[in-house]
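Hi,

Here is the structure I promised to pass on. Have a look at it first, and my notes follow underneath.

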Amino acid sequence: MEVEVRDEGRICVVRLSGDVDLESSPVARRALLASTERSRCVLVDLSAVKYIDSSGIASLVEAYQSARGKQIAFALAAVSPEALRVLQLARLDKVFTIYATVADGLGA
Amino acid sequence: MKQSAAELLLEYRVPAQVNRLKDVRRALREVLRRHGVSAACARDVVMAVDEACQNIIRHAYGGEGKGEIVLCVRSTLSQLELVLRDFAPAVDPACIHPRPLDELRPGGLGTHLIREAMDEVEYLRPSDGTGNLLRLVKRLEPDHRGS
């Protein structure tokens with residue numbers, strides 16, 4: 001798994017790619033939580049996620065809750081079919097704000 | 001139509017370690033692809049087996065990185081059967097249940113994902129009395145077959 005963090009204006013974009021699994025999700029969790037410390041808006045790009053397990057989903061939920069507690073905007077974008085399937089099975093696809101593309105999220 | 005006998009597609013023995021989960025996923029994906037299982041069906045099966053292996057590593061073996069997992073995959077015309085065997089102390093199946101989803105919190109989703117992705121989930125006792133057996137079944141609908 002790889003994590004890229006960049007600022008697009010006032011929005012912090014966190015791009016996860018590859019397999020977000022029990023081995024790699026602690027890295028994703030740290031990056032996601034750190035993003036909620038440094039920006040008022042966080043957009044998580046999941047377009048290149050090939051696999052995500054329950055620990056990866058838990059990292060997203062934890063960051064979402066951290067953001068919500070600080071009244072920070074937190075959304076997902078360009079969710080890959082693999083990640084969307086797991087979000088749907090976990091009934092979280094209606095909990096997160098999800099943009100079809102990163103550009104949509106940046107423009108919101 | 002006569003039901004064909006189950007065909008053994010894979011028998012895979014792996015150390016019960018977090019850094020070996022990707023090997024299990026890779027081996028399972030490859031055998032399902034060769035067997036003509038659709039990508040969507042394979043995605044669910046791989047996720048369920050991965051989550052089950054995580055539960056074995058973390059809960060049955062206590063996260064110590066010791067012990068082994070044996071995965072057997074069999075197929076008939078109508079279903080895939082996946083059996084995961086571990087050699088940890090027996091776990092009471094009554095203690096294994098998915099958490100309610102109405103509470104938003106991180107963690108505890110693995111058992112729910114397994115039950116959602118698979119058609120049958122059974123916790124069994126091995127005939128020799130050692131360890132635990134988890135039997136998962138995924139029905140092969142026509143659209144679950146690839147080419």
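Please keep in mind that this is a predicted model. I started from one strand pair in chain B: β4(B) and β5(B), the latter covering residues 132-139, run antiparallel and are joined over 5 bridges. Within that pairing, V121(B) has L136(B) of β5(B) as its bridge partner.

The pair belongs to an open sheet of 5 strands in chain B, with antiparallel pairing and the order β1-β2-β3-β5-β4. Why do β1 and β4 of chain B each have one side without a neighbour in the sheet? β1 (7-15) and β4 (120-124) stand at the edges and each has a single partner strand, so one side of each is left free of a neighbour there. On average, neighbouring strands of this sheet are turned by 15° against each other, direction ignored.

Helix α2 of chain B (residues 39-60) packs on the sheet, where it touches β2 (68-75), β3 (79-86) and β5. The direction of α2(B) makes about 15° with that of β3(B). This helix has 22 residues and spans 30 Å from its first C-alpha to its last, close to the 32 Å expected at 1.5 Å a residue. It is mostly covered, with 17 of the 22 residues buried. After α2(B) comes G62(B), with a positive phi near 75°.

Now to the other chain. The contact between them takes 18 residues from chain A and 21 residues from chain B. On the chain B side, α1 (21-34), α2 and α3 (110-117) each supply at least two residues. By class, that side has 9 nonpolar, 7 charged and 5 polar residues.

Happy to talk it through.

Best wishes

Methods:
Residues are numbered from 1 along each chain as its sequence is written. Chains are lettered from A and ligands numbered from 1 in the order in which they are written. This is a predicted model: local features need pLDDT of at least 70, side-chain atom pairs count only at pLDDT 80 or more; totals for chains, interfaces and linings use all residues. Two strands pair if DSSP finds at least two bridges between them. Helices (H or I, at least four residues) and strands (E, at least two) are DSSP runs, numbered from the N terminus. Axes are lines fitted to C-alpha atoms, for helices over the stretch in contact, and angles run from 0 to 180 degrees between N-to-C directions. Two residues are in contact if their C-beta atoms, placed from the backbone, lie within 7 Å. Ala, Val, Leu, Ile, Met, Phe, Trp, Tyr, Cys and Pro count as nonpolar, Asp, Glu, Lys and Arg as charged, and the others, Gly among them, as polar. The expected span of a helix is 1.5 Å times one less than its number of residues. A residue is buried if 20 or more other C-beta atoms lie within 10 Å of its own, exposed if 12 or fewer, and partly exposed in between; C-beta atoms are placed from the backbone.
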